[in-house]
Amino acid sequence: MTFETEEDLRREKKAIETFVKTFGGSYQKLDPLDIDFKIFDKDKKVIAYAEVKGRIRTMRDAYPLPIAARKLVKLIDKRLNPVLIWCCEDGIIYGRPEKLTGTIRQGGRPKREGSFDDDELMVYYEKQRGLKYV
């Protein structure tokens, strides 16, 4: 079961459009059970994959940046320039997982009926050199 609201999807789209606009190219939304996006260069060649996470906070207050460990593994398994993007109220924070250092611990969000993934292994990233801002 997916719990993404229209607002979540709008925020995700805003983040990927901001990211792609910064570098040129285009994107394709992937299956709901996959990671979020495939990214193409101007010649329509696949150059990266991205997972977008919403942060209903300003960039200044967004830390630590969370991502489910299972999503991180799925993204890295794509093997082609994985990118993590957090969409904040005032911009995006992004980085390449191999350039980041995070803390792993059990966490997530309060349990929702019908969800199996609310309490899971999470990775949290503090502010660091490998993170960029737009």
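Trainee: What is the relative accessible area of Cys-87?

Mentor: The model here is a predicted one, and the figure is computed from its atoms. Residues count as buried under 20%, and Cys-87 is buried because its relative accessible area falls below that limit, at 1%.

Trainee: Why is Cys-87 not bonded to the closest cysteine sulfur, and how far away is that sulfur?

Mentor: A disulfide needs two cysteine sulfur atoms within 2.5 Å. Cys-88 has the closest cysteine sulfur, but that atom is too far from the sulfur of Cys-87 for a bond. Cys-88 is in no disulfide either, its nearest cysteine sulfur being that of Cys-87. By this rule the protein has 0 disulfides, and the distance from the sulfur of Cys-87 to that of Cys-88 is 6.8 Å.

Trainee: Is Cys-88 buried or exposed, and at what relative accessibility?

Mentor: The limit for a buried residue is again 20%. Cys-88 is under it, so Cys-88 counts as buried, with a relative accessibility of 2%.

Trainee: In what order do the elements of the protein run from the N terminus on?

Mentor: The protein has 2 helices and 9 strands. A helix comes at the N-terminal end of the order, and the other helix follows four strands. Written from the N terminus on, the order is α-β-β-β-β-α-β-β-β-β-β.

Trainee: What percentage of the residues of the protein count as buried?

Mentor: The accessible surface of the protein comes to about 8300 Å², and 53% of it belongs to carbon and sulfur atoms. Among contacts between residues at least 6 apart in sequence, 53% join residues at least 24 apart. Of the 134 residues of the protein, the share that counts as buried is 43%.

Trainee: Which residues touch the most other members of the largest nonpolar core?

Mentor: This core has 19 residues. Strand 4 (65–68), helix 2 (69–76), strand 5 (82–88) and strand 8 (119–125) each supply at least two of them. Apart from this core lies another, of 14 residues, among them Ile-16, Phe-37, Ala-50 and Ile-85. In the core of 19 residues, those that touch the most other members are Leu-65, Leu-84, Ile-93, Tyr-125 and Leu-131.

Trainee: With which residues is Leu-131 in contact, leaving aside its neighbours within four places in sequence?

Mentor: Leu-131 is one of the members of the largest nonpolar core that touch the most others. Its partners beyond four places in sequence are Tyr-63, Leu-65, Trp-86, Ile-93, Tyr-94, Gly-95, Leu-100 and Glu-126.

Trainee: How far apart are the end C-alpha atoms of helix 1?

Mentor: Helix 1 covers residues 6–23, which is 18 residues. At 1.5 Å a residue, helix 1 should span 26 Å. The model agrees with this, because the distance between the end C-alpha atoms is 26 Å.

Trainee: What arc do the buried residues of helix 1 cover around the axis?

Mentor: The buried residues of helix 1 are Arg-11, Glu-12, Ala-15, Ile-16, Phe-19 and Val-20. They lie on the same side of helix 1 because the arc they cover around the axis is only 160 degrees.

Trainee: Which residues are exposed on the other side of helix 1?

Mentor: The buried residues of helix 1 pack against strand 1 (26–29), strand 2 (37–40), strand 3 (46–54), strand 5 and strand 6 (91–95). On the other side of helix 1, the exposed residues are Glu-6 and Lys-21.

Trainee: Which residues does Lys-71 touch, not counting residues up to four places away in sequence?

Mentor: Lys-71 lies in helix 2 and is buried, with a relative accessible area of 12%. Its C-alpha atom is 7.8 Å from that of Glu-51, a residue 20 places away along the chain. The residues Lys-71 touches are Asp-34, Ile-35 and Glu-51.

Trainee: What is the phi of Arg-79?

Mentor: Most residues other than glycine have a negative phi. Arg-79 lies in the loop between helix 2 and strand 5 and counts as exposed, at 73% relative accessibility. Asn-81 is found in that loop too, with a positive phi of about 45 degrees although it is not a glycine. Arg-79 is not a glycine either, and its phi is positive, at about 65 degrees.

Trainee: Is the peptide bond from Tyr-63 to Pro-64 cis or trans?

Mentor: Most peptide bonds are trans. Pro-64 lies in the loop between strand 3 and strand 4. With omega near 0 degrees, the peptide bond from Tyr-63 to Pro-64 is cis.

Conventions. Residues are numbered from 1 along each chain as its sequence is written. This is a predicted model: local features need pLDDT of at least 70, side-chain atom pairs count only at pLDDT 80 or more; totals for chains, interfaces and linings use all residues. Side-chain values use heavy atoms; hydrogens and water are left out. Buried means under 20% relative accessible area, exposed over 50%, partly exposed in between (1.4 Å probe, protein chains only). Contact means heavy atoms within 4.5 Å. Accessible areas come from the Shrake-Rupley method with a 1.4 Å probe; for residues, only the protein chains shown count as cover. A nonpolar core is a set of buried Ala, Val, Leu, Ile, Met, Phe, Trp, Tyr and Cys residues joined through side-chain atoms within 4.5 Å. The expected span of a helix is 1.5 Å times one less than its number of residues. The arc is that of the directions from the helix axis to the C-beta atoms.
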